[in-house]
Amino acid sequence: MMKKVVLYVLPPSDYSKSLILLLKATSIGKNVIYLTSNLPAADLVKLLNDNGIPTNRLVLIDCISKPQPGGKAGGMGVCIYLDGPQDLTSMGIAISESTK
């Protein structure tokens, strides 16, 4: 079976609303890789949990915050922390490894 990878770029004007609608429509029963460069992992997981979106199958690649003591936010599958959005090599490796 061939894996399918889909990339979405969301408009900044309606980012949170678009994100919630997109994930509600596409994430049920699927693994999702989410790369964030504008919202810390813990805040993103809280937003998703508050809107009834499960995060247990979420691979979160966080380009802006540092790992927090005690590990990942509640219910999150995996979180990979990068040095910043300028670290394109690590970003590519994280995405490639997450699709395996």
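How many bridges join E2 to E3? There are 4 bridges between these two strands, and they run parallel. Welcome to a quick tour of this predicted model, centred on a sheet of 3 strands and its surroundings.

**The sheet**
- The sheet is open, its strand order is E1-E2-E3, and the pairing is parallel.
- E1 and strand E3 (78-81) are the edge strands, each pairing on one side only.
- On average, neighbouring strands of this sheet are turned by 15° against each other, direction ignored.
- As a general reminder, strands of a sheet pair through backbone hydrogen bonds, in either a parallel or an antiparallel way.

**Strand pairs and partners**
- Strand E1 (residues 32-36) pairs with strand E2 (residues 58-62) in the parallel sense over 5 bridges.
- Across that pair, Tyr-34 stands opposite Leu-60 in E2.
- Leu-60 also has a bridge partner in E3, namely Cys-79.
- Together, E1, helix H2 (residues 41-50) and E2 make a β-α-β unit that is right-handed.

**The two faces of E1**
- Side chains alternate along E1: Val-32, Tyr-34 and Thr-36 point to one face and are buried.
- Ile-33 and Leu-35 point to the other face and are not buried.

**A nonpolar surface patch**
- Ile-33 and Leu-35 join Ile-95 in making a nonpolar surface patch of about 200 Å².
- Ile-95 comes from helix H3 (residues 88-98).
- Why does Ile-95 count as partly exposed? Its relative accessible area is 35%, and partly exposed covers the range between the 20% limit for buried and the 50% limit for exposed.

Conventions. Residues are numbered from 1 along each chain as its sequence is written. This is a predicted model: local features need pLDDT of at least 70, side-chain atom pairs count only at pLDDT 80 or more; totals for chains, interfaces and linings use all residues. Side-chain values use heavy atoms; hydrogens and water are left out. Buried means under 20% relative accessible area, exposed over 50%, partly exposed in between (1.4 Å probe, protein chains only). Two strands pair if DSSP finds at least two bridges between them. A crossover is right-handed if, with the strands pointing away from the viewer, the path from the first strand over the helix to the second runs clockwise. Patches are made of residues with over 30% relative accessible area and no salt bridge: like charges are joined within 9 Å, nonpolar side chains (Val, Leu, Ile, Met, Phe, Trp, Tyr) within 5 Å. Accessible areas come from the Shrake-Rupley method with a 1.4 Å probe; for residues, only the protein chains shown count as cover. A salt bridge is a side-chain nitrogen of Lys or Arg within 4 Å of a carboxyl oxygen of Asp or Glu. Axes are lines fitted to C-alpha atoms, for helices over the stretch in contact, and angles run from 0 to 180 degrees between N-to-C directions.
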